[in-house]
Amino acid sequence: MKKFVIGNWKMNLNVHEASLFAAKLAQDIPIRRGVETIICPSFLALEPLSLQIDHRQMKLCAQNCYWRDSGAFTGEISATQLRGLAQYVLVGHSERRNIFDEDDREIRFKVQAALRNGLTPILCVGETEFEYNEGDTPHVLNDHVAGGLLNVGSDQMDDVIIAYEPVWAIGSGKTPKLEEIEKAIELIRTQVAHMFGKSIAKNVPILYGGSVNLTNARAILSVKGVDGLLIATASLIAPEFVGIVEIASELVKKEGEKG
Ligand code: PGA
C-alpha cells in the first residue's frame, strides 16, 4: 500500500520563505511510485507553490477550510476556493479543536465540504494527555471518527484519510509506545469498519502524527496499520523531511519485494 509523508508547516514561513524551502526540498525529494509526499503551507503560499512545484514530486494540502462554499464569512477560506490549488485539506487538527474550539459538528461539515469540492480531507483525531491518563483513548477515537465521518457516504470513503495524532505527542518530543500506536490505529479501523464495512476499513489510509523525526520515523512507519506520517516540527528541517520520505520509499520498496 502507498505511504504518505505529510509536512504541516503550520503558521511558519512567509510566501517567499515557503517558496525557497519548497525549492530546497525539490532538490532532494525522490519521485517514486508508492510514496505520496505532501506539504501543507499557509493559505497564502498555496497559489505560488501550486505553480512552482512538480506535482509528481509533491502535492499540496491546505491546513484548514471553512465548510460553507461562499458567502458573508469574513476572513474564512472555503473548500471551493481551494479547488485547483490544493488536493488535500487537514480537518480537525488538534490546534483547530483546542485553540479554535472546533467541535465534531463543525469538523464533520468541513469533511463534507472538502469531499463536495473534490479535496481529500485528512481527518485528525486523537486524545489529550488527560484523556490518555484516564484511559479514555478508545472513547475519544470512536467519538472523533464517528463524529467526523457521520453522513459521509461509503462511496466517498476512497477519498478520506485519517491521521491519529495524540495531542500530548504533538510538538512535545514524546511519542506513544509502538504497541500503543498499533492499538490506536486498530481501534480507528474497527470504528471505520462499524460505519462502512470491513473492506473500506482495510483500505482507508491511517497515518500517525506527533513528534515524528528522522530517528523514530522508520520504527513508527513499520508499525502494523500505519500508512504514513503527519509531521510538523521535523518537516521544517529539509534533511529530516527528505530523510523521512526516503525511509518511506525504502519501506514501500521492501514491501513490494515481499509481494
Ligand atoms: P509535530 O506536530 O510533528 O511537531 O509533533 C505534528 C502535528 O501537529 O501535526
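How far does a polar side-chain atom of H93 lie from an oxygen atom of the ligand? In this structure, which I should say at once is a predicted model, the separation between that polar side-chain atom of H93 and the ligand oxygen is 2.8 Å.

Let me stay with the ligand for a moment. A polar side-chain atom of K10 is placed 2.7 Å from an oxygen atom of the ligand, and from the backbone rather than a side chain, a polar atom of S211 lies 2.7 Å from a ligand oxygen. Taken on its own, the ligand has 290 Å² of accessible area, and the protein covers 99% of it. The residues that surround the ligand are K10, H93, E165, A169, I170, G171, G210, S211, L230, I231, A232 and T233, and by character this shell divides into five nonpolar residues, five polar ones and two charged ones.

S211 deserves a second look, since its backbone contributes one of the contacts I have just described. The residue sits in the loop between β7, residues 206-209, and α10, residues 217-221, and although S211 is not a glycine, its phi is positive, at about 60°. Is S211 buried or exposed? With a relative accessible area of 17%, which is under the 20% cut-off, S211 counts as buried.

There is another residue with a positive phi that I would like to set beside S211, namely D101, which is likewise not a glycine and has a phi near 55°. D101 is located in the loop between α4, residues 94-98, and α5. Its relative accessible area is 60%, and because exposed means over 50%, D101 is classed as exposed, whereas S211 is buried.

I turn now to the aromatic residues, where the count comes to six pairs. In one of them, Y66 and F73, the ring centres are 5.1 Å apart and the planes meet at 45°, so this pair is described as tilted. Y66 is buried, at 14% relative accessible area, while F73, at 30% relative accessibility, is partly exposed. Another pair joins W67 and F109, with centres 4.6 Å apart and planes again at 45°, so that this pair, too, is tilted. It links distant parts of the chain, 42 residues apart, since W67 belongs to the loop between β3, residues 59-62, and α3, residues 79-82, while F109 belongs to helix α5, residues 104-116. W67 itself is buried, with 18% relative accessibility. Taking the ring pairs together, Y66, W67, F73 and F109 are linked into a cluster.

A further aromatic ring, that of F100, has a charged partner, in that R96 lies over its face, at 4.1 Å from the ring centre.

Finally, I come to I247, which is found in helix α11, residues 238-258. Which class does its accessibility put I247 in? At 8% relative accessibility, I247 counts as buried. For a sense of its placement relative to another part of the chain, the C-alpha atoms of I247 and A86 are separated by 25 Å, and these two residues are 161 residues apart along the chain.

How values were computed: Residues numbered from 1 in each chain as written. Predicted model: local features only at pLDDT ≥ 70, side-chain atom pairs only at ≥ 80, totals over all residues. Heavy atoms only, no water. Phe/Tyr/Trp six-rings, centres within 6.5 Å; stacked < 30°, edge-to-face > 60°. Buried < 20%, exposed > 50% of the residue type's maximum accessible area, 1.4 Å probe, protein only. Helix = DSSP H or I, 4+ residues; strand = E, 2+ residues; numbered from the N terminus. Lys NZ or Arg CZ within 6 Å of the ring centre and 35° of its normal. Near = heavy atom within 4 Å. Polar contact = N/O pair within 3.5 Å; in protein donor to acceptor, adjacent residues only side chain to side chain. Areas by Shrake-Rupley, 256 points an atom, 1.4 Å probe, with all protein chains shown as cover. Nonpolar A, V, L, I, M, F, W, Y, C, P; charged D, E, K, R; others polar.
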